[in-house]
Amino acid sequence: MSSAVATRTLLACFLLVWTASSLACSGSGPVPLDASFADAPSDSPGSQNTRVLVFTRTLAYRHESIADGVALISRLAVANGWRLTRTEEPATFNDASLAEFDVTVWLSTTGDVLEEEQQAAFQRYVESGGGFVGVHAASDTEYDWPWYASLVGAQFSDHPAIQTATLNVEDATHPASAHLATTFSWEDEWYNFRENPRAHVDVLLSVDESSYAGGTMGDHPIAWTHSVGQGRAFYTALGHSADAYTDPTFVGHLEGAIGWARRAP
Ligand SMILES: [Zn+2]
């Protein structure tokens with residue numbers, strides 16, 4: 001273990017103790033709550049050593065699929081040589097701790113999860129080059145924080161029953177969508193948003209509202225990217241159900257998003 005990895009592991013253990021978790025601080029296997037690092041394979045290409053923070057705090061609805069999402073990102077970390085930390089501790093959102101991460105994933109967070117000082121630290125983090133990946137209920141989070149709404153790109157409004165719909169790939173060159181067919185069917189919980197983000201983002205996927213019941217937006221982006229300061233931001237509304245997190249369609253979508261969002265070296 002390198003000294004840098006050792007330092008970060010010590011930090012992870014510190015966070016673990018700090019949050020009064022009784023889980024062991026392990027370098028392999030499933031990522032426990034609240035923190036653990038997977039050591040990076042030395043021969044991983046591309047995004048090797050990307051440091052990923054997965055934030056899963058929920059103060060409103062809690063998706064059962066969060067556990068499946070953490071398990072998937074843990075597997076992706078091993079495959080790609082990422083170092084992964086999971087937390088539900090809002091105190092992690094301070095300048096010093098956030099500086100340890102290239103990408104922060106908000107995995108189906110809900111409710112008012114950060115205090116004002118923590119929000120300010122996260123804004124500084126992204127605007128200075130930290131990556132953001134929002135998954136599914138990340139748009140059902142922090143309604144009273146306007147900067148976060150602009151970071152995600154849209155706020156959740158409502159959804160019809162889970163059903164299959166047709167998705168259109170609008171950008172086939174992005175790492176989060178390049179593996180997808182031009183159009184494909186997908187079962188999910190189709191979020192309607194309070195506003196259409198298209199004017200402010202680059203749309204990767206949109207859903208055809210004529211292919212299911214309950215869409216209220218007409219033009220209906222479902223996954224997109226944009227820049228916020230020096231940071232890269234990605235959001236996908238997909239990912240309600242546990243099944244998504246083992247399906248190659250969604251696995252490639254999330255893997256591409258995290259690899260893309262990392263802080264520029
Ligand atoms: Zn959902």
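Me: What follows helix α2, and what is its phi?
Reply: G81 comes right after α2, with a positive phi near 75 degrees. Helices here are DSSP runs of H or I with at least four residues, strands are runs of E with at least two, and both are numbered from the N terminus. This is a predicted model, where local features need pLDDT of at least 70, side-chain atom pairs count only at pLDDT 80 or more, and totals for chains, interfaces and linings use all residues. Residues are numbered from 1 along each chain as its sequence is written.

Me: How do you know that the reach of α2 is close to the expected one?
Reply: The expected span is 1.5 Å times one less than the number of residues. With 15 residues (66–80), α2 reaches 21 Å from its first C-alpha to its last, close to the expected 21 Å.

Me: What makes residues of α2 count as buried, and which are they?
Reply: A residue is buried if 20 or more other C-beta atoms, placed from the backbone, lie within 10 Å of its own; 12 or fewer makes it exposed, and in between it is partly exposed. Among those buried in α2 are I66, G69, V70 and I73.

Me: How do you know that β10 and β11 pair?
Reply: Pairing requires at least two DSSP bridges between two strands. Six bridges join β10 to β11 (residues 231–236), running antiparallel, so they pair under that rule. W224 has Y235 as its bridge partner in β11.

Me: Why are β2 and β7 at the edges?
Reply: The open sheet of nine strands has the order β2-β1-β3-β4-β11-β10-β9-β6-β7. β2 and β7 (183–188) each have a single partner strand, so one side of each lacks a neighbour in the sheet.
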